[in-house]
Amino acid sequence: MSEQPDTTEFDAAELDAAALDAADELAACRKNFLLDDGTVYLDGNSLGALPRSVPARLADVVEREWGSLLIRSWSESGWWDAPERTGDRIAPLVGAAEGQVVVGDSTSVNVFKAVVAAVRIAREETAAGRPARTEILVDAATFPTDGYVAASAARMTGAAVRAVPAAEMAAAAGPTTAAALVNHVDYRTGELHDLAAATAGVHRAGGRIVWDVCHSAGALPVELDASGADFAVGCTYKYLNGGPGAPAFLYVRRELQPRFDSPLPGWTSHRDPFAMASGYEPAEGAARGRVGTPDILSMLALEEALGVWDGVGMEAVRRKSLALTDFFMARVRAHVPEGRLTSLTPEAHERRGSQVSLLCEGELEAEAERVMAALHERGVVGDFRRPGVLRFGFTPLYTSFADAERAAAALGDAVRAVESER
Ligand SMILES: *Cc1c(COP(=O)(O)O)cnc(C)c1O
């Protein structure tokens, strides 16, 4: 390939990654992470980087709280309340007032709790003589686990699942809709959906809505309280940097909490767990979302990891995320020969999450996995999703504009290298 990078269409100043980094209001956050400076890590949408203070905290939890205090740590080290306490640390990051978020279990399990509970509430609210609420609407492009869980929840509640594009959720909801399950940001394309509009539409139809905010929590403002969302679930190991397999979170809107009838009413969500009563009486508040014994090691690692958000405003995160993804898209156009890659990620800011997904075109589609491998060899870590999608996550707390520049240049190089091997 003989194409040279074409930089003429861009303002030189705009392209100056160093200048953008110098003006970056979040630049100081990067030092709070342990990162290898030789690598450009653009996979924080799959597994967030390690916050610098976590190893020492985990060592203390293991050696002192577990090793020495043992069972006393449930009270003395605050283990018992960690799910609600950690939930209250996450709450402001997703636009929630305190007392509505609990941490525990995986996202998949929380999707189950929320969808079944949403169906139960919608049915309880349906007046006599109205059509039965027999349908669960599921985002047609959903992350697979949500779809599998919703299908099982539907079988258990005597409902049927209907796949609907997220953007059409408001219009699709009708008198038979019990619940809708929507991904706030599409994990594959990075498209951001309108939380307030879909919520209002489902509510107009008398249904309840569950948001999966795995790809927006910690990446952009998520206005759960303001939008009227009923339930939300999210990962903490992606943009919240909680570590591999860190427990997920569940948001239950305050006014729904008294009616939140969890399909997994474990003993730790009992009003008085240590009464060891034979009959179940749910706790008040967010604790009602608990199931069994919390996953303490992972949870306390997450709690420590959330310290990187102290003093960070989500508006600043959003500003930088959009600037980074704009810059990366422009630099990809400059560095990668024309016609090879198409962005699946919307150009429009109001429809863009915090990642860029590039579809390999033509002959390159079958070689996409090799392009990503070639990028890894060049010290740039993104990921590959079948059939031919290259995903790059932008995490404003630790990604720099210099990283984006290096990644785009390496991508141009990787494409040329793969093509030259044909
Ligand atoms: C990552 C992700 C999940 C993961 O669910 P787990 O139960 O943590 O494996 C679920 N939903 C979405 C939208 C995701 O992006």
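What is the volume of the largest cavity? In this predicted model, the largest cavity has a volume of about 60 Å³, and this enclosed space is a useful place from which to begin a walk through the structure. Its lining is made up of Gly218, Lys238, Tyr239, Asn241, Trp309, Val317, Thr395, Pro396, Leu397 and Tyr398, and when these residues are sorted by class, six are nonpolar, three are polar and one is charged. The residues around the largest cavity do not belong to one domain alone, since at least three come from domain 1 (7–34 + 313–420) and at least three from domain 2 (58–309).

The count of cavities of 30 Å³ or more comes to two, and the second largest cavity holds about 40 Å³ of space. Arg30, Leu35, Thr39, Val40, Tyr41, Tyr398 and Asp403 form the lining of the second largest cavity, and among these residues four are nonpolar, one is polar and two are charged. A reader who follows Tyr398 will find that residue in the lining of the largest cavity and also in the lining of the second largest cavity.

From the cavities we can turn to the ligand, which has 13 residues around it, with Ser108, Asp212, His215, Tyr237 and Lys238 as the closest. Lys238 has already appeared in the lining of the largest cavity, and here a polar side-chain atom of Lys238 lies 2.6 Å from an oxygen atom of the ligand. Ser108 likewise places a polar side-chain atom 2.6 Å from a ligand oxygen atom, while for His215 the corresponding distance from a polar side-chain atom to an oxygen atom of the ligand is 2.9 Å. Taken alone, the ligand exposes 390 Å², and the protein buries 86% of that area. The shell around the ligand consists of four nonpolar, six polar and three charged residues, and the helices α5 (107–125) and α6 (144–157) each supply at least two residues of this shell.

The last stop is the largest pocket, in which about 430 Å³ of space lies. Its lining has 21 residues, and those that lie nearest its centre are His184, Leu192, His193, Asp194 and Leu195. Helix α8 (residues 195–204) gives the most to this lining, contributing four residues, and the lining as a whole divides into 12 nonpolar, three polar and six charged residues. As with the largest cavity, to which domain 1 (7–34 + 313–420) and domain 2 (58–309) each give at least three lining residues, the lining of the largest pocket draws at least three residues from each of these two domains.

Technical notes. Residues are numbered from 1 along each chain as its sequence is written. This is a predicted model: local features need pLDDT of at least 70, side-chain atom pairs count only at pLDDT 80 or more; totals for chains, interfaces and linings use all residues. Side-chain values use heavy atoms; hydrogens and water are left out. On a 1 Å grid over the protein atoms alone, a cavity is a set of points where a 1.4 Å probe fits but cannot get out, and a pocket is an open set with protein on both sides within 12 Å along at least five of seven lines; lining residues have an atom within 4 Å of a point. Grid points are joined across faces, edges and corners, and a volume is the space filled by probe spheres set on the points. Ala, Val, Leu, Ile, Met, Phe, Trp, Tyr, Cys and Pro count as nonpolar, Asp, Glu, Lys and Arg as charged, and the others, Gly among them, as polar. Domain bounds come from an automatic or database domain assignment. A residue is near a molecule or strand if one of its heavy atoms lies within 4 Å of it. A polar contact is a pair of N or O atoms within 3.5 Å; within protein, one must be able to donate a hydrogen and the other to accept it, and residues adjacent in sequence count only if both atoms are side-chain atoms. Accessible areas come from the Shrake-Rupley method with a 1.4 Å probe; for residues, only the protein chains shown count as cover.
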